[in-house]
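Student: I have a model open and want to go through some of its strands. Can we take them one at a time?
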Amino acid sequence: MKDLHQTDDSGRIILTSSTAVAKGGHMSASIKLSDGRIVTTDWLRCVDGQNELRLMREVGERPLCLCKPNQIEHPFLQIKLLPSNILILARMPNTQSQHDPSCRNGQHHSHGTDKSQSIVESYIENDDGTFEVNSFFSLEKTIKDVALEKVGGEDKQIHNYQGKNTSTLLGLLHILWDKAEQNKHFPSSDGKLRNWNTTAYFIKKTLQRGRIKGKAMSSVIFINQWSKDEKHSKDYWNWSRGLADQNKEGVVGVLIGRVADLHQAAPTGALELRLDLIPTYIKLGEAASRDLRTSYPRIIDKLQSTPSSKDRDFAVVGIFLVTNSTRIDNNGQTKKCLIARKAALMMTSKDYIPVESDYELQMANALRDANRRYIKPIRHDSDSPVFPDFIIIDEKPATYIEVFGITNDQHYEKRKQEKLAYYQRAKKQLIAWNASDNEPMPTIPMRQPPEPKQT
């Protein structure tokens, strides 16, 4: 068969026809992307093709299989991530009859050894919507852990973990935010911000679909949600009652909440903090305090410089590995509290969209004020050099936003140039802000209301 494809200057293979192409002894099938481009499966294996699939996966777009060129409606394909961090196309459930018998698109997933699961580095994602996180931290406190704590040692859960294929506490938080779609902003009809109650509700619903260390997430993880009666407080005490006491072996729990305040406790200088709607304090051990200060100095400074949450133009969500303990209050009374063996912090906008810097916070606020519908991609399953900071999705094609906020870093500058070159090659709509160069933030156009339908 004669080749019907052409190759551009960057080596991308683009079809000039929807007919399959013979290449390397096999049929290279045709795929239609969301912007109308027709490409081959060979192109999707190259660097630009993989970047294209990653962007489509973030936006939630699905390519079409053109194995039957004369068919009016073509079947959609799913985008799946393999353990090798390579993206492939998979057939949608119950679409076998819509494909040509000789079609190879999606066969890798549907005919592979693993028909139900796609491993995405630190978690397993099932086709039925359930998922399991592979965490590096243990949810059981052993006698060895207790002995180390009694002499002031650091147990294995305190050390920074450098391995792959496991989730850190912050990684777990990112996975939950992504699975619950709380990294997406949808403008409300009344102009009100999404509140913590709404965010916590969707995270709690997501916990019902997840497992961690073989346990149901809903039994391991507690997230504070507003309730006007005493039910919320009772739910918390019932959950915490099952946790181990300090210096005793037993169950370790995971607590997620919005940080109300954070301070140093006398005389040790260890950190203590309070979460909104949680009826107790959380104190951090010496090692956990040191680790938190090292990992999140900017967030800690912002919390301490703005003590009142009412005055903040941001929010901070914390995730903690906790057991039961006690503390002495200002009146000299012994009170129940939690002790965090490990902690992580995530800064968000006031409507709980995750951000990684003050520059990103400004951009998130601008997108919200412009009434735009957008996504904040979360890098928990991608090492792609092309990974946008935000994606505006209320119009097609989507607009990608890059916030460049680091200077004097050769590796960062190289990635920046790779990103810009890719967006130009792929003809993507891009808003780039060189914030580190004191460049004014680009104006975000207000979302235009849809034109009324003519009758």
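Student: Which residue stands opposite Ile79 in β9?
Tutor: Leu89 does. Keep in mind that this is a predicted model.

Student: How many bridges join β8 to β9, and which way do the two run?
Tutor: There are 5 bridges between β8 and β9 (residues 87–91), and the two strands run antiparallel.

Student: Is β8 enclosed or open, and why?
Tutor: Strand β8 covers residues 77–81, and 5 of its 5 residues are buried, so it is largely enclosed by the rest of the structure.

Student: Which of its side chains point which way?
Tutor: Leu77, Ile79 and Leu81 point one way from β8, while Gln78 and Lys80 point the other way. Residues on both sides are buried.

Student: Back to β9. What about Arg91, buried or exposed?
Tutor: Arg91, which is found in β9, is buried but has no salt bridge.

Student: Where is the nearest opposite charge, then?
Tutor: That is the side chain of Asp100, 8.2 Å away; a salt bridge would need a distance within 4 Å.

Student: What does the Arg91 side chain make a polar contact with?
Tutor: The side chain of Gln96, at 2.8 Å.

Student: New topic. What is the strand order in the open sheet with β14?
Tutor: The order is β14-β24-β25-β26-β27, 5 strands with mixed pairing. The edges are β14 (184–185) and β27 (429–434), each paired on one side only.

Student: And what joins β14 to β24?
Tutor: 2 bridges, with β14 running antiparallel to β24 (residues 374–375). His185 stands opposite Tyr374 of β24.

Technical notes:
Residues are numbered from 1 along each chain as its sequence is written. This is a predicted model: local features need pLDDT of at least 70, side-chain atom pairs count only at pLDDT 80 or more; totals for chains, interfaces and linings use all residues. Side-chain values use heavy atoms; hydrogens and water are left out. Two strands pair if DSSP finds at least two bridges between them. Helices (H or I, at least four residues) and strands (E, at least two) are DSSP runs, numbered from the N terminus. Buried means under 20% relative accessible area, exposed over 50%, partly exposed in between (1.4 Å probe, protein chains only). Lys and Arg count as positive and Asp and Glu as negative; His and the chain ends are not counted. A polar contact is a pair of N or O atoms within 3.5 Å; within protein, one must be able to donate a hydrogen and the other to accept it, and residues adjacent in sequence count only if both atoms are side-chain atoms.
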